[in-house]
Amino acid sequence: MSYRRPVPTIGDPSSAAERAHAPDAWALRDDLASLERVVGARRDIRRFRPDPVPDDVLTAVLTAGHRGPSVGHSQPWRFVVVTEAATRDAAALMADRCRLRQAAGMAEESARGLLDLRLEGIREAPVGVVVACDRRTPAAGVLGRATFPDADLWSCAAAIENIWLTARAHGLGLGWVTLFEPAELADLLGLPDGVETLGWLCLGWPDERPPEPGLERAGWSRRLPLEQVVMRERWTERDAPPSHLRAPEPADVVAARDRSDDLLTVPGSLGVLDTVLDRITALAAVDGRGTLLVAAADHAVTAYDISAFDASVTADVARATREGTSMGAVAARAAGLDIELVDAGIGCRRGDLVTSDALDEMTYAALLALGRERGLALAGAGPVALGEVGVGNTTVAAALAAALLDVPADEVVGRGSSADAAMLDRKRDVVTRALARVGRAGPDEAVRRLGGGELAVLTGVTLGVAEAGGIVVLDGLATSVCALAAVRLEPAVAAHLVAGQRSREKAHALVLRELGLEPLLDLRIRAGEGVGAALATGLVKDALALRAGVARTSTV
């Protein structure tokens, strides 16, 4: 039976099938030639007629500026329209002073060339528009400015471009003048603290109709050929980092999203799960039961009394995992997963982190290779959930997280299981001393010197699964920090990761954020052993079955 696609009464009524059939249907073909003419004919005008600009034309120009793109839809621009002669005279005097000051700092020939140029028409133009940026909203409170604090200024610059092109289309001339001391111009216009000016726009009917840009015509500079300003993939002066993996192809990513679009449900109805399911579908990594791989090892760092449990617990839990009775094994069985245990150093306590490396180079290389081999072998049998067993490895994982994230011990050390305040202090001290000993290290060196047997194996497993095109479902901090090391070694690994859960460990949220992952579960799990990863993998398998069973719609 075919169902009609639910079409929203507001928003975008198009379907993925319609967009795939005609990806260019959004084009305004009849207007392209006009747009190209306007863009090509935009000029920086310096000579103006005194005739007034009609109010409706000025409103149209300012409206275009107000429709400009703004980061986080913050609309930080403010347009101060100036027509009074006294204000324009004062601004022109400021610009004259700045021009002379700039010329004084140049070589003689360049200075003469600058003084010969006409750089503003502030007195002649009937209208001045000062574009100011209201920066009083904290950057962290605006979507997109927490990472690029100056994005509000870029938004205002984009508004200026809209104003400029619209003015040209109406036959108006515009000249952008920045020959000001910003504080002086702000004081002239009474701008409050926290509001910055982007200069003065001279607006009016042009008394010149230059066929090419003025500075180019004056021999000041020439427009660079397009091929000199376009680079592919990265800055051409720097070699690309070597990579042996590829993320999913764009066509596969879009195809996965298209397949979810014709379900009889609203887009994004499964929230974070929808994002995960689209990624898994794009990788074609959905067939098979899947496996919970648990790596286990002991750690010499327990000698510093940083764990509430005896080191013998590692062997006990590993044995129960083999027998299928550990918490991780039972959770895996409930999720329909096979179980594999890798002994990465049970009963073998190597370096203690504080005075010596966790692993020597030969041992690290062998364990990493073992993990990669298992990852390659398991990737084709469905999702690979990761788990770990190792008394003391929350301290080890915290040290590795601190090294990879370049943060101090205080930001990554948590209580672990059953630790008290005194033990927490000892853990911080151990991590601080370990970081001081190792210093800055790349991901390979960090895992070898600060990690341990199970972390080396899990890093290798993550690399191997990704290389084979599979999906890795992460558990707690230890598995996630291994994934972070793998991503630092091979960036394309990130596309193959699913954050099964967020644990109670302090550093876990920081590591997931660095990986760009949202966890499927947030249950404050402390169990380790892959319990959270197994539960999350079961959820993913159920969600895939849900998608497979839901009715499909037609595009009509």
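**Entry 1: salt bridges**

I began with a network of salt bridges that links R135, R145, D150, D152 and E196. I call a salt bridge a side-chain nitrogen of Lys or Arg within 4 Å of a carboxyl oxygen of Asp or Glu. A note to self before going on: this is a predicted model, where local features need pLDDT of at least 70, side-chain atom pairs count only at pLDDT 80 or more, and totals for chains, interfaces and linings use all residues. Residues are numbered from 1 along each chain as its sequence is written, and side-chain values use heavy atoms, with hydrogens and water left out.

Within the network I looked up R135 and D150, whose closest N and O atoms are 2.9 Å apart. Both sit in the loop between β3 (127-134) and α6 (151-169), so the pair ties together parts that are 15 residues apart in sequence. Helices (H or I, at least four residues) and strands (E, at least two) are DSSP runs, numbered from the N terminus. D150 is partly exposed, at a relative accessible area of 39%. For these words I use under 20% relative accessible area for buried, over 50% for exposed, and partly exposed in between (1.4 Å probe, protein chains only).

I then checked D134, which forms a salt bridge with R136, again with 2.9 Å between the closest N and O atoms. D134 counts as buried at 16% relative accessibility.

Next came R289 and D338, a salt bridge with its closest N and O atoms 3.0 Å apart. This pair links distant parts of the chain, 49 residues apart: R289 is in the loop between α11 (272-283) and β6 (291-296), and D338 is in strand β7 (residues 338-343). R289 is partly exposed at 45% relative accessibility, and D338 is partly exposed too, at 39%. My search of the whole structure finds 31 salt bridges.

**Entry 2: helix α19**

I compared the span of α19 (residues 477-489) with expectation, which is 1.5 Å times one less than the number of residues. Its 13 residues should span 18 Å, and the end C-alpha atoms are indeed 18 Å apart. I also found 11 of the 13 residues buried, so α19 is largely enclosed by the rest of the structure. Among the buried ones are L477, V481, C482, L484 and V487.

**Entry 3: nonpolar cores**

I took a nonpolar core as a set of buried Ala, Val, Leu, Ile, Met, Phe, Trp, Tyr and Cys residues joined through side-chain atoms within 4.5 Å. The largest has 67 residues, of which V412, L474, L497 and L515 touch the most other members. A second, separate core of 28 residues includes A331, L341, V531 and A536. Back at V412, I listed its contacts (heavy atoms within 4.5 Å), not counting residues up to four places away in sequence: A398, A401, A402, V407, K506, A507 and L510.

**Entry 4: T87**

I found T87 in helix α4 (residues 85-104), buried at a relative accessible area of 17%. Leaving aside neighbours within four places in sequence, T87 is in contact with V82, L188, L189 and W200. I also took its C-alpha to C-alpha distance to R437: 64 Å in space, with their positions 350 residues apart in sequence.

**Entry 5: V230**

My last stop was V230, in the loop between α9 (226-229) and α10 (250-261). V230 is partly exposed, with a relative accessible area of 34%.
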